[in-house]
Amino acid sequence: MLTHSQAAKEFNKDESRVDWHDKAIWHLRQNRDLGVNKIPNWQQLRETASEIKLNVLSHLDTYLEEFEKMALSNGVHVHWALDGDEHNKIVKDILEKHSVQKLVKSKSMLTEECNLNPYLEKYSIEIVDTDLGERIIQLAKEKPSHITAPAIHKKKEEIDQLFQKMLGTPPSNGDAQFLVNAARTDLRKKFLNADAAITGVNFAIAESGGFVVCTNEGNADLGVHLAPVHIACMGIEKIIPKLEHLGVFLRLLARSANGQSITSYSSHFFKPRKGQEMHIVIVDNGRSKQLASEDFRNSLKCIRCGACMNTCPIYRRSGGHSYGSTIPGPIGSILSPNIDLKKYSSLPFASTLCGSCTDVCPVKIDIHSQLYKWRQIIMKEHPNRVKQMAMKTNQKVFEHPRLYNIVGIVMRRAIKLLPKSILYNKLNIWGKQRDLPNAPKKSFKEWYNERS
Amino acid sequence: MKEVNSRTKILYRIKENKPNDKTNIDLGQFFIDDNENSVINFCENLVDNDGDYLILDRADNLQEVLLKEINGRSFADLTGNIVDHQSWSFNGLISPKKWSDIKVSIINGIIGVAENGAVWLDDDSMQNIRTLPFIVDHTIFILNVKQIVPTMHHAYEALGKIKTGFGAFIAGPSKTGDIEQNLIIGAHGPMSHLVIIVGSSDSQ
């Protein structure tokens, strides 16, 4: 697997595309600011959301039990999965029981995390992603590059060509209205003929056993209310204690994502409709392990708004795919190392540690501090020999004043005289993307002594 | 059997690993907004969400207004405001797959939220036809001014212990920004969204 910086280098080969991507993502951040500024007590709201989530983590076992009990009494089936494989098998078994051949799915980062689509396709189940962005990347056989705008890396002309090839649409020169209509017509048929619908869960309420799904397109509802079977998949951390806490989170979620006051649809599911079967799959997949770590457990507060990636100067200029993880950006860079430290060891370094992610996070996760903490763990377990050697050499030089003086004299000459090919050799990691400064004629010490 | 095992394992791990925080959560500080400008705010925020509004002083001429909105299209009226024309009838025999033929839905809202223009519906107001407001081309919601509250906090307070099987805040038409962030209305469902507010704001 490529490291983040290697993948980012690829992305950066097309400079005009980088600029376009940067601008598109920044647009979301600007809208977020406009939406947030309309709420007078935004900071208290963030603080309260963070406190509720800490309360959730502190009582997660009892809240999950309460949620299960209430959901069961509402006539909902509840399943538990230790990992992605078990989650996939549970979903498959439900689908097989109902002889499901056609399945519609609304956006769920959890099912992405578990690789549900390729798993179900092995069993010849047709699975259609119904969120437009997800549908686009499904047709293009790609992965989402952003958690709320999965196809934000694709230009409209590319989507036009994709639809021509996959849906047989006539060329439209990237007319967004035309392309949305084409997808609408195609997906309406899928909704009407689906045997089952899968959704994610934004919030699950312990006291009532209900759960909330937020969309702007209405795709989750259209799928669920038409299909005879509804399966909702949630990570254990999606629980909140009470209904009244939704007031806090629904005010924060859409505003943080793109500045909207609320999504068009915030649907609250408590009981299946008459004749329908409803299932909830509760998934751990490494979350309870993350809970044990005092340094990193706050990452479980995340409500998946995407604000941290929209504000991140690295994300905007390297693209979501460069992270190679299900969830990209700053939050992905602190969640992913918990799943596979070796595979994702380059992600915590994909940051300037500027702290903007922490500032915009609606549940006040200390994202940039966690990035820094992951770096320390990774450097211990996977040290970088070249950097280590450089630091050791520096240490020797700074320990010996005479050596320091000599090295200073030599380096000031060397920088001036040596050809670039020698100065920017493989050992000079620092000089990889930077120019060395012009060397002054004298050292500070020499200059000071001459004055007095 | 495996299922029971995973449940026990997950709950055990959480018990072992969870922090111990005892912070008291108080939402009282968020009930500062009063109702003074709620109707105006509701309308402004609804328009921001690409919805429309109509304010009627009295409910007398509601049928006339609705028929004008329907404009000859097939409709389902769950409010009983249209008596002179045949509404779509759901007699259980009709397959949901036929519901794409309904173009306009008219449903009573239960709560309106000023800060975001959202309207709360539940199984009762939807008469258990949960698909309806999501599948039609044009949704009309009827709301009394007295049902408008300032914020989401007030809305959940008013809802109390929710007894419905399904409920939703609907704040605008179906929309998407997934193609280069061009805002397109009518991604899957409604292409337009109208809230008719009945009763003049003086009566608050």
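## Exercises on the contact between chains A and B

The contact draws 62 residues from chain B and 70 residues from chain A, two residues being in contact if their C-beta atoms, placed from the backbone, lie within 7 Å. Residues are numbered from 1 along each chain as its sequence is written, with chains lettered from A and ligands numbered from 1 in the order in which they are written. The model is predicted: local features need pLDDT of at least 70, side-chain atom pairs count only at pLDDT 80 or more, and totals for chains, interfaces and linings use all residues.

**Exercise 1.** Work out which elements of chain B give two or more residues to the side that touches chain A.

*Solution.* Start with the vocabulary: helices (H or I, at least four residues) and strands (E, at least two) are DSSP runs, numbered from the N terminus. The elements of chain B that qualify are helices H1 (2-17), H2 (38-48), H4 (132-135) and H5 (152-159), plus strands S8 (166-170) and S9 (175-176). Next, look for the largest share: H1(B) supplies it, with 10 residues. Finally, sort this side by class and you get 24 nonpolar, 23 polar and 15 charged residues. Here Ala, Val, Leu, Ile, Met, Phe, Trp, Tyr, Cys and Pro count as nonpolar, Asp, Glu, Lys and Arg as charged, and the others, Gly among them, as polar.

**Exercise 2.** Trace the open sheet of eight strands and find which strands stand at its edges.

*Solution.* Two strands pair if DSSP finds at least two bridges between them. Step one is the order, which reads S8(A)-S5(A)-S6(A)-S9(A)-S8(B)-S5(B)-S4(B)-S7(B), with mixed pairing. Step two, the edges: S8 (239-240) of chain A and S7 (148-149) of chain B each have a single partner strand, so one side of each is left without a neighbour in the sheet. Step three, check the pair S9(A) and S8(B): S9(A), residues 265-269, runs antiparallel to S8(B) over five bridges, and Phe269(A) sits opposite Phe166(B). Then try S5(A), residues 203-205, which pairs with S8(A) in the parallel sense over two bridges; there Ala204(A) faces Ile239(A).

**Exercise 3.** Describe how H12(A) packs against H5(B).

*Solution.* Two packed helices are described by the angle between their axes and the distance between the axes. For H12(A), residues 246-258, and H5(B), the axes come within 8 Å and cross at roughly 145°; axes are lines fitted to C-alpha atoms, for helices over the stretch in contact, and angles run from 0 to 180 degrees between N-to-C directions. Now for the residues: Leu246(A), Gly247(A), Leu250(A) and Arg251(A) meet Met152(B), His153(B), Ala155(B) and Tyr156(B). By class, that's five nonpolar, two polar and one charged. As for surroundings, 13 of the 13 residues of H12(A) are buried, so the helix is largely enclosed by the rest of the structure. A residue is buried if 20 or more other C-beta atoms lie within 10 Å of its own, C-beta atoms being placed from the backbone. Right after H12(A) comes Gly259(A), with a positive phi near 85°.

**Exercise 4.** Is S7(A) covered on one face or both?

*Solution.* Take the faces in turn. Val229(A), Ile231(A), Cys233(A) and Gly235(A) are buried on one side, and His230(A), Ala232(A) and Met234(A) on the other, so both faces are covered. Then list its parallel partners: S4(A), residues 196-199, joins S7(A) by three bridges, while seven bridges link S7(A) to S10(A), residues 277-283.

Terms used:
A residue is buried if 20 or more other C-beta atoms lie within 10 Å of its own, exposed if 12 or fewer, and partly exposed in between; C-beta atoms are placed from the backbone.
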